[in-house]
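The questions below go through one structure step by step. Each answer ends on the value or name asked for.

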Amino acid sequence: MIRSSISNPLKMVVSGVILDLDGTLLHTDGIVSDVLKSFLDKYGKQWDGREALRVTGKTPYESAAVIIEDYELPCTSTELMSQVSPMFADRWCNIKALPGANRLIKHFTAHKVPMALASNSSRENIETKISFHPGWKNSFSVIIGSDEVTTAKPSPEIFLEAAKRLNLEPSRCLVIEDSVPGVAAGKAAGMKVVAVPSLPKTTNLYSSADEVINSLLDFQPEKWGLPPFEDWVENTLPIHPMYIGGPVVKGYGRGSKVLGIPTANLSTEGYSDVLLEHPSGVYFGWAGLSTRGIFKMVASIGWNPFFDNAEKTIEPWLLHEFHEDFYGEDLRLVLVGYIRPEANFPNLESLIAKIHEDGRIAERALDLPLYSKYRDDQYLKQHDA
């Protein structure tokens with residue numbers, strides 16, 4: 001079953017797509033943080049991530065200047081770059097594609113949608129990064145770095161040059177970007193822009209974009225006159241399985257008391273990378289409890305906007321009626337599909353109704369062979385002694 005686009009009327013017919021790289025297609029945030037932590041240690045400073053928003057979307061040298069200023073470092077941008085460049089080069093091979101990136105590239109390639117890659121990184125860095133992702137280089141008919149134009153984003157020059165090389169009018173191009181400078185550049189170029197913010201809780205900064213989505217999993221090509229995805233099954237999107245486990249811990253105390261929906265909260269300790277890599281949203285799959293068996297499950301990963309969590313959490317709801325708590329018991333999750341992005345709601349009643357709808361979708365979907373086969377996954381049974 002293909003997800004319907006009736007509720008999302010066509011906004012604009014475009015002919016080609018221009019994509020940013022870092023933070024849009026590749027999960028570079030973790031690597032940037034690791035490198036900067038290591039670098040700043042040499043100066044007795046501690047990277048705390050407060051500059052993340054200021055450096056997102058900037059060229060490497062612009063980012064270097066921000067860090068030098070904020071941390072009052074006794075070096076120049078050139079010196080900083082000469083020290084961190086080899087550290088980054090050693091790690092490019094480990095950059096993972098963001099969820100939905102491979103799906104998007106394969107889809108547009110299969111449908112012969114012209115694609116360009118336009119990044120504030122240098123052309124050499126772009127080529128190096130994408131070389132570790134099979135098929136990516138050949139999927140883009142245009143690849144352009146900031147060192148090939150006079151001024152980088154937020155100047156529109158790089159996008160206008162990409163459109164020129166695609167032989168398309170700017171108004172016929174759709175830009176997909178994660179950063180505020182990138183969105184500004186796309187709009188200044190006279191293009192339609194879909195923003196996919198790479199930093200949490202920053203949606204308010206992207207008001208100039210034509211659309212803001214939670215992740216590439218939520219991108220709907222048909223809104224822009226492009227061929228729709230055809231991989232939604234019974235209102236669910238199959239994903240590469242995610243494995244998460246640990247003891248059940250006390251959460252916010254609102255599952256049973258406020259929502260009437262008992263969630264089995266997991267500690268996020270040891271899963272920071274998983275939480276960083278995977279977009280917030282509602283997922284589903286199978287849950288294994290060490291002494292009780294295996295059950296269908298729907299899980300929320302994210303900040304739960306209605307309650308405005310201070311940190312990203314994992315809150316599974318086992319679709320089974322339990323008559324007692326099982327705090328401390330080992331719980332294993334295999335998440336096999338995606339339902340929707342997390343969202344805010346006008347009132348508690350509408351939130352509860354949506355959670356129950358998610359549960360019904362998961363309940364039905366997990367009976368399909370596509371998903372039911374994971375019930376036998378060994379991970380669900382490998383509990384600590």
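Q: In what order do the strands of the open sheet of five strands lie?
A: This is a predicted model, and it holds an open sheet of five strands with antiparallel pairing. Strands of a sheet pair through backbone hydrogen bonds, either parallel or antiparallel. Read across the sheet, the order is 7-11-8-9-10.

Q: Which strands are the edge strands of this sheet?
A: An edge strand here pairs on one side only. That applies to two strands, namely strand 7 (237-247) and strand 10.

Q: What is the average twist from one strand to the next?
A: The twist is taken between successive strands of the sheet with the order 7-11-8-9-10. Its average is 30°.

Q: Which residue of strand 11 stands opposite Leu237?
A: Strand 7 and strand 11 run antiparallel and are joined by eight bridges. Strand 7 covers 237-247. Opposite Leu237, in strand 11, stands Tyr338.

Q: How many salt bridges does the count come to?
A: Side chains of opposite charge can pair when their charged atoms come close. The cut-off is 4 Å between a side-chain nitrogen of Lys or Arg and a carboxyl oxygen of Asp or Glu. By this rule the count is 19.

Q: Are Arg340 and Asp358 buried or exposed?
A: Arg340 and Asp358 form a salt bridge, with their closest N and O atoms 2.9 Å apart. Arg340 lies in strand 11 and Asp358 in helix 12 (residues 348-365), so the salt bridge ties together parts 18 residues apart in sequence. As to accessibility, both Arg340 and Asp358 are buried.

Q: Which residues do salt bridges that share partners join into one network?
A: Some salt bridges share partners, and these join their residues into one network. Its members are Arg123, Glu127, Lys137, Glu148, Glu161 and Arg165.

Q: Is Glu329 buried or exposed?
A: The side chains of Arg292 and Glu329 meet in a salt bridge at 3.1 Å, N to O. Arg292 sits in the loop between strand 8 (281-289) and strand 9 (293-302), while Glu329 sits in the loop between strand 10 (313-318) and strand 11 (330-340), 37 residues apart. Arg292 is partly exposed, with a relative accessible area of 30%. Buried means under 20%, so at 11% relative accessibility Glu329 counts as buried.

Q: How are helix 3 and helix 4 placed relative to each other?
A: The axes of helix 3 (residues 60-71) and helix 4 (residues 77-89) come within 9 Å and cross at roughly 110°. Angles of 65 to 115 degrees count as roughly perpendicular. Helix 3 and helix 4 are therefore roughly perpendicular to each other.

Q: How many residues in the contact of helix 3 with helix 4 are nonpolar?
A: Helix 3 contributes Pro60, Tyr61, Ala64, Ala65, Ile67 and Ile68, and helix 4 contributes Ser77, Thr78, Leu80 and Met81. No residue of this contact is charged and two are polar. The number of nonpolar residues is eight.

Q: Which residues does Ala365 touch, not counting those up to four places away in sequence?
A: Ala365 lies in helix 12. Since buried means under 20%, Ala365 counts as buried at 0% relative accessibility. With residues up to four places away in sequence left out, Ala365 touches Thr236, Phe284 and Tyr371.

Technical notes: Residues numbered from 1 in each chain as written. Predicted model: local features only at pLDDT ≥ 70, side-chain atom pairs only at ≥ 80, totals over all residues. Heavy atoms only, no water. Helix = DSSP H or I, 4+ residues; strand = E, 2+ residues; numbered from the N terminus. Buried < 20%, exposed > 50% of the residue type's maximum accessible area, 1.4 Å probe, protein only. Pairing = 2+ DSSP bridges. Axes fitted to C-alpha atoms, helices over the stretch in contact; angles between N-to-C directions. Parallel < 35°, antiparallel > 145°, perpendicular 65-115°, else oblique. Contact = heavy atoms within 4.5 Å. Nonpolar A, V, L, I, M, F, W, Y, C, P; charged D, E, K, R; others polar.
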